[in-house]
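Student: Could you take me slowly through one part of this model, the sheet and what packs against it? I would like the terms explained as we go.

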Amino acid sequence: MTEYTIEFVGTGETITCSDKETILSRCLEEGIAQEYSCRVGMCLACSAEIIEGEVTQPAARGFTEEEAEAYALTCMARPQSDLKLERGKYPPSIESDLEAGEAGNAGGDAAAADD
């Protein structure tokens, strides 16, 4: 078992995590407020951009192959090197879906208020 250091950019938080445990499980053990929901690699709530380093995340079904190289689903990702992660960052495909949802929802709220 190898231990790696994970630094969360912009927060001042650092943890150590073995290559046998997920980043999310270690965050929860250390009391770090890491967002999550499904814990099975589908919802993307725990997404983080990989600034530096490598992870393995074979069960991260919510990402394309290219996205899995640049982003980590912390509920599935296990470190393979020391890491620098930026939490709360989503791949461009997800960001554009979120923006489209917000734009589409703007008119829906007004209609609901009229009922």
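Tutor: Let us start from one pair of residues: T5 stands opposite T16 in β2. Before going on, please note that this is a predicted model, in which local features need pLDDT of at least 70 and side-chain atom pairs count only at pLDDT 80 or more, while totals for chains, interfaces and linings use all residues. Residues are numbered from 1 along each chain as its sequence is written, and side-chain values use heavy atoms, with hydrogens and water left out.

Strand β1, residues 3–8, pairs with β2 in the antiparallel sense over six bridges; strands count as paired if DSSP finds at least two bridges between them, and both strands (E, at least two residues) and helices (H or I, at least four) are DSSP runs numbered from the N terminus. In general, strands of a sheet pair through backbone hydrogen bonds, either parallel or antiparallel. Here five strands form an open sheet in the order β2-β1-β7-β3-β5, with mixed pairing. Its edge strands, each pairing on one side only, are β2 (13–18) and β5 (71–73).

Helix α1, residues 23–30, lies across β1, β2 and β7 (83–87) and runs at about 125 degrees to β2. Contact here means heavy atoms within 4.5 Å, and angles run from 0 to 180 degrees between the N-to-C directions of axes fitted to C-alpha atoms, for helices over the stretch in contact.

The largest nonpolar core has 14 residues, of which I6, F8, I23, V55, L83 and L85 touch the most other members. Such a core is a set of buried Ala, Val, Leu, Ile, Met, Phe, Trp, Tyr and Cys residues joined through side-chain atoms within 4.5 Å, where buried means under 20% relative accessible area, exposed over 50%, and partly exposed in between (1.4 Å probe, protein chains only). At least two residues of this core come from each of β1, β2, α1, β3 (47–52) and β7. Leaving out residues up to four places away in sequence, L83 touches several residues, including T5, I6, I23 and V55.

Finally, consider E30, which lies in helix α1 and counts as partly exposed because its relative accessibility is 43%. The side chains of E30 and R26 are joined by a polar contact of 2.8 Å, that is, a pair of N or O atoms within 3.5 Å, where within protein one must be able to donate a hydrogen and the other to accept it, and residues adjacent in sequence count only if both atoms are side-chain atoms.
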